[in-house]
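Here is a walk through one protein chain, written for someone seeing it for the first time. Take a look at the picture, then follow along from one residue outwards.

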Amino acid sequence: MTADVANPVISACQYRVLVAGGCYGGLSAAINLLEKCDAIDSPISVDVTIVDERDGYYHIIGSPLAMASREYADKAWVEYKHVKVLQRPNVTFVQGTITNVDCENKTATISERTTQKTRVESYDFFVAATGLRRVWPVVPQALTKEAYLTEVGAHCDRVLNSTAPVLVVGGGAVGIEMAAELKYTKPSIQVTLAHSRDKLLSAEPLPNMVKDCALELAEQGGVEVLLNHRLASSTPTKNADGSLQYEVEFTNGHKMIASEVITAISNSIPSSGYLPQDALDTDGYVNVRPTMQLPAGVPNAEAHFAVGDMIHWSGIKRCGGALYEGKIAALNIHQIMLQQLQDKTPDFTQLSEFPPMIGLAVGKNGISYGSEGMNYGPQVMQLFFEDDLGFRIVWDHLRLGGITA
């Protein structure tokens, strides 16, 4: 629609909101906006379309456990048709990708996976929440739950039946959690975590006490940690019984045999190629204002929002940040709607800078670090992750299980 701020009385207004990305930030934006528009005292008619490459909501935080447990893997991916809170006539899911956004004309080109056709969708507001493109096995590459269970199931079979050590390469948060979850899930497996630097979490702006604590808890959990070990080569060979194994060599000359080599190093790339270049920084991250709106130089910038891992913002990329940013986008879209419909002066919510903070799952223990300092232990694990790497916490926070948005 073309809004006329000078004309506040539009009795049968129908807003169209297009959300790119159906994970933490995108679902948070959609659900919070629907909740605001459902307000009894001032309801607003809105249609929400959510576009995602996958056929379901995938709990990315749970990937380390999904790669070690078939049972959990099944739980971690919920097809959108089973996300009850959004089973309503004014919400549409499209499995596909957005290939181009024309901000000036408020249209997006969508490539649909099921029909293999391309169509152009008009909208009044657009929310980009497509995150970062991460490699296997940091996240599954499958786009349907059926293919995902096959992909992850084969991985679980290989690592859980290993005889030689399983080598996890990369001592960032993902690598630490993958190694720890695998060892915790099946203690009989030998798990080795190799990192190229002298501290774990070396790429994160965290104090040494956090990095040292991560090392101590990983080793306490039975993970062998090799610091200052940069992978030079990994050569597949067959052992005496014909099964596959790997001859691994590091740049410092250390060699080992591994049943499986899991690369937990991800040069994550923002999934932002469909947005105008004027909205992106040199690395492809989306520049946003504190209101989550695109920069003022972008056409119709006030109607275009971006949230989650794909935005250029301070702090460590976290699920909690994406959820909050999605909510801010929803609140501010609603404020613009009220301005257009009722001539109300918008009261925008703004995002503050994020200081370094992290929650890390290390087997049965958790580590948290933020403005109140560092805490660790089983109680931290329960508080931040419970026993399913945060699945229930996020599911209930977003009300995905059925309380009407």
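Let's start with Val83, which counts as buried because its relative accessibility is 1%, and buried means under 20%. Keep in mind as you look around that this is a predicted model. Val83 sits in the loop between β4 (77-79) and β5 (91-102). Leaving out residues up to four places away in sequence, Val83 touches Tyr57, Val78 and Leu400. To get a feel for distances, pick out Asp241 as well: Val83 and Asp241 are 158 residues apart in sequence, and their C-alpha atoms are 46 Å apart in space.

**How far to trust the model**

The chain has an average pLDDT of 94, and 96% of the residues score at least 70. Residues 1-11 are another story, with a pLDDT below 50. In the model, that stretch has 20 contacts beyond near neighbours in sequence.

**Around β5**

Follow the chain on from the loop of Val83 and you reach β5, since that loop lies between β4 and β5. Which strands does β5 pair with? One is β2 (residues 45-52), in the parallel sense over 5 bridges. Here Ile50 stands opposite Phe93 in β5. Another is β6 (residues 107-112), which pairs with β5 in the antiparallel sense over 6 bridges. In that pairing, Thr97 stands opposite Ser111 in β6. β5 and β6 make a hairpin with 4 residues between the strands, and Lys106 takes a positive phi near 55° there.

**Two open sheets**

Further along the chain there are two open sheets to find. One has 3 strands in the order β13-β14-β15, with antiparallel pairing. Its edge strands, each pairing on one side only, are β13 (231-238) and β15 (255-258). On average, neighbouring strands of this sheet are turned by 20° against each other, direction ignored.

The other open sheet has 4 strands, ordered β12-β11-β10-β16, and its pairing is parallel. At its edges are β12 (224-226) and β16 (260-263), each of which pairs on one side only. Here too, the average turn between neighbouring strands is 20°, direction ignored.

The table gathers some of the strand pairs, with one facing pair of residues for each.

| Strand pair | Sense | Bridges | Facing residues |
|---|---|---|---|
| β2 and β5 | parallel | 5 bridges | Ile50 and Phe93 |
| β5 and β6 | antiparallel | 6 bridges | Thr97 and Ser111 |
| β11 and β12 | parallel | 3 bridges | Thr192 and Glu224 |
| β14 and β15 | antiparallel | 4 bridges | Tyr246 and Ala258 |

**What is packed inside**

In soluble globular proteins, nonpolar side chains tend to be buried together. Which residues touch the most other members of the largest nonpolar core here? They are Tyr57, Ile98, Phe126 and Met337, in a core of 120 residues. Helix α7 (residues 319-342) supplies the largest share of this core, with 11 residues. A second, separate core has 10 residues, including Val169, Leu226, Val248 and Met256.

Ile98 is a good one to zoom in on. Not counting residues up to four places away in sequence, Ile98 touches Leu18, Ala20, Val51, Ala108, Thr109, Ile110, Phe126 and Tyr274. Phe126 is thus both a neighbour of Ile98 and one of the residues touching the most other core members. Tyr57 should also look familiar, as one of the residues that Val83 touches.

**Rings that pair up**

A search of the whole structure turns up 10 aromatic pairs. Take Tyr58 and Tyr148: their ring centres are 5.5 Å apart and their planes are at 65°, so this pair is edge-to-face. The two come from distant parts of the chain, with Tyr58 in strand β3 (residues 56-58) and Tyr148 in helix α4 (residues 145-160), 90 residues apart. Are these two rings buried or exposed? Both Tyr58 and Tyr148 are buried.

Now compare Phe391 and Trp395. Their ring centres are 5.5 Å apart and their planes are at 20°, so the pair is stacked. These two sit 4 residues apart in helix α9 (residues 391-397), so about one helical turn separates them. Phe391 and Trp395 are both buried. They also belong to a cluster, in which ring pairs link Tyr24, Tyr57, Phe391 and Trp395. That brings us back to the start, since Tyr57 is also in touch with Val83.

Notes: Residues are numbered from 1 along each chain as its sequence is written. This is a predicted model: local features need pLDDT of at least 70, side-chain atom pairs count only at pLDDT 80 or more; totals for chains, interfaces and linings use all residues. Side-chain values use heavy atoms; hydrogens and water are left out. Two strands pair if DSSP finds at least two bridges between them. Axes are lines fitted to C-alpha atoms, for helices over the stretch in contact, and angles run from 0 to 180 degrees between N-to-C directions. A nonpolar core is a set of buried Ala, Val, Leu, Ile, Met, Phe, Trp, Tyr and Cys residues joined through side-chain atoms within 4.5 Å. Buried means under 20% relative accessible area, exposed over 50%, partly exposed in between (1.4 Å probe, protein chains only). Contact means heavy atoms within 4.5 Å. pLDDT is the predictor's confidence in each residue, from 0 to 100. Rings of Phe, Tyr and Trp (its six-membered ring) pair if their centres lie within 6.5 Å; planes under 30 degrees apart count as stacked, over 60 as edge-to-face and the rest as tilted.
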